[in-house]
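Biologist: I am new to this structure and would like a close look at a single part of it. Please take the sheet, strand by strand, and then say briefly what lies outside it.

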Amino acid sequence: MDFNVKKIACGAGLFFTRAVQFTEEKLGQAEKTELDAHFENLMSRADCTKNWTEKIYRQTEVLLQPNPIDHTGARIEEFLYEKLDRKAPSRITNAELLGQYMQDAAKEFGPGTPYGSTLIEVGECERRLGAAEREFLQTSAISFLTPLRNFLEGDWRTISKERRLLENLRLDLDACKTRLKKAKVAEAKAAMAPDFQETRPRNYVLSASASALWSEEVEKAEHELRVAQTEFDRQAEVTRLLLEGISSTHVNHLRCLHEFVEAQAAYYKRCHFHMQELQKELGRLPNAFALNSNPSVATAGSASEGISSPVETDTLKIEEVQAPATGTRKAKVLYDYDAADSSELSLLADELITVYTVPGMDSDWLIGERGNQKGKVPVTYLELLS
């Protein structure tokens, strides 16, 4: 018990001494030991790294989990599983859930109907997009988020702890310097020769005793200063080594950033591929909406002898299409496109082609020309230029 009381009293006294030193420094009444310029630059670089790493980490979390409520719930679930030393189960994505709803709806509407068959195809595509998204989330969390979080929760906490210890030792060192300075001033005053005519003999004894006491105080203060300087120098070296490790942190985060970009590029590529396949598949399905939108033509065609059906009359023969004298435009291709049949024109991203419309053609398509090649091209794959 006595030991604890002494320890608490010693700690309180040390805290008070540091508080006094810190206050006097702020008021300009005490000197402060300044660190060298290289050390200051290392600390500024470390602070900058911590701040921007934290912002990038938080915003990446928002990117991967946009819904704040879902994000909070996901973090709590991950925390609980981490404390239980168990792997968190993979959560179904919104796209997968949408795909499941579409396929369930198709069963109710009838998979043989145009709407039902289309729901099945779109639902399957959505489920593939959701699976690609889930894989992207898992890869990004492992290769990018985890290293950033490890730095913030591990390395940075260690650096912060050592920097606080260094600051405390710096306050102790400056307090020792102040104490030594005051002791030397007092010793000098005590050692001043008294006036023999105005000072009594008794004061000579008191003056000699005070001078001896202040000499002991100076020796004690010098010893404490040497100890404080040694501890400060040792802690400064430890902190400097940790701060210099920020360069290795940058290299590690750079590698993780490359992995994140690769995962993101692969994810978008898969999504683009699935959407292209879906568009091709929908083009092969019966377009009941187009037939129902023009029933008069269908009725007249089926009632007249010797006249072909609307689908046959609307069939476009690309080789017979001629470019109009006016109305052609240049267009930039946004994405690669593989022609589904001989009437379509395959496209390469970023190339420029000439496009125009022809009477009776679906508004979702244009006629594109590239040199001697000609064919239908989807409007959604193009950026029309002036």
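Modeller: What follows goes through the sheet and then turns to a pair of helices. The model is predicted.

The sheet is open and has five strands in the order 4-3-2-1-5, with antiparallel pairing. Strands of a sheet pair through backbone hydrogen bonds, either parallel or antiparallel. At the edges stand strand 4 (373-378) and strand 5 (382-384); each has a single partner strand, so one side of each is left without a neighbour in the sheet. Direction ignored, neighbouring strands of this sheet are turned against each other by 40 degrees on average.

Start at the edge formed by strand 4. Strand 4 runs antiparallel to strand 3, and six bridges join the two. In this pair, Leu 366 stands opposite Val 377 in strand 4. Strand 3 and strand 4 also form a hairpin, with two residues between them. Gly 371 is in the turn and has a positive phi of about 65 degrees.

Next in the order comes strand 2. Strand 2 (residues 352-356) pairs with strand 3 (residues 365-370) in the antiparallel sense, over three bridges. Here Thr 354 stands opposite Glu 369 in strand 3.

At the other end of the order are strand 1 and strand 5. Strand 1 (residues 329-333) pairs with strand 5 over three bridges, again in the antiparallel sense. Val 333 stands opposite Leu 382 in strand 5.

Outside the sheet, consider helix 2 (residues 37-64) and helix 7 (residues 246-284), whose axes come within 12 Å and cross at roughly 20 degrees. Because angles under 35 degrees count as roughly parallel, helix 2 is roughly parallel to helix 7. The crossing of helix 2 with helix 7 is left-handed. On the side of helix 2, Arg 45, Ala 46, Thr 49, Thr 53, Thr 60 and Leu 63 take part in the contact. They meet Ile 246, Ser 247, His 250, His 253, Phe 260 and Gln 264 in helix 7. Of the residues in this contact, four are nonpolar, seven polar and one charged.

Helix 2 also takes part in a salt bridge. Side chains of opposite charge can pair when their charged atoms come close. The structure holds 16 salt bridges. One of them joins Asp 47 to Arg 163, with the closest N and O atoms 2.7 Å apart. Asp 47 lies in helix 2 and Arg 163 in helix 5 (residues 114-191), so this pair ties together parts that are 116 residues apart in sequence.

Note on methods:
Residues numbered from 1 in each chain as written. Predicted model: local features only at pLDDT ≥ 70, side-chain atom pairs only at ≥ 80, totals over all residues. Heavy atoms only, no water. Axes fitted to C-alpha atoms, helices over the stretch in contact; angles between N-to-C directions. Helix = DSSP H or I, 4+ residues; strand = E, 2+ residues; numbered from the N terminus. Parallel < 35°, antiparallel > 145°, perpendicular 65-115°, else oblique. Left-handed = near helix turned anticlockwise from the far one by under 90°. Contact = heavy atoms within 4.5 Å. Nonpolar A, V, L, I, M, F, W, Y, C, P; charged D, E, K, R; others polar. Pairing = 2+ DSSP bridges. Salt bridge = Lys/Arg side-chain N within 4 Å of Asp/Glu carboxyl O.
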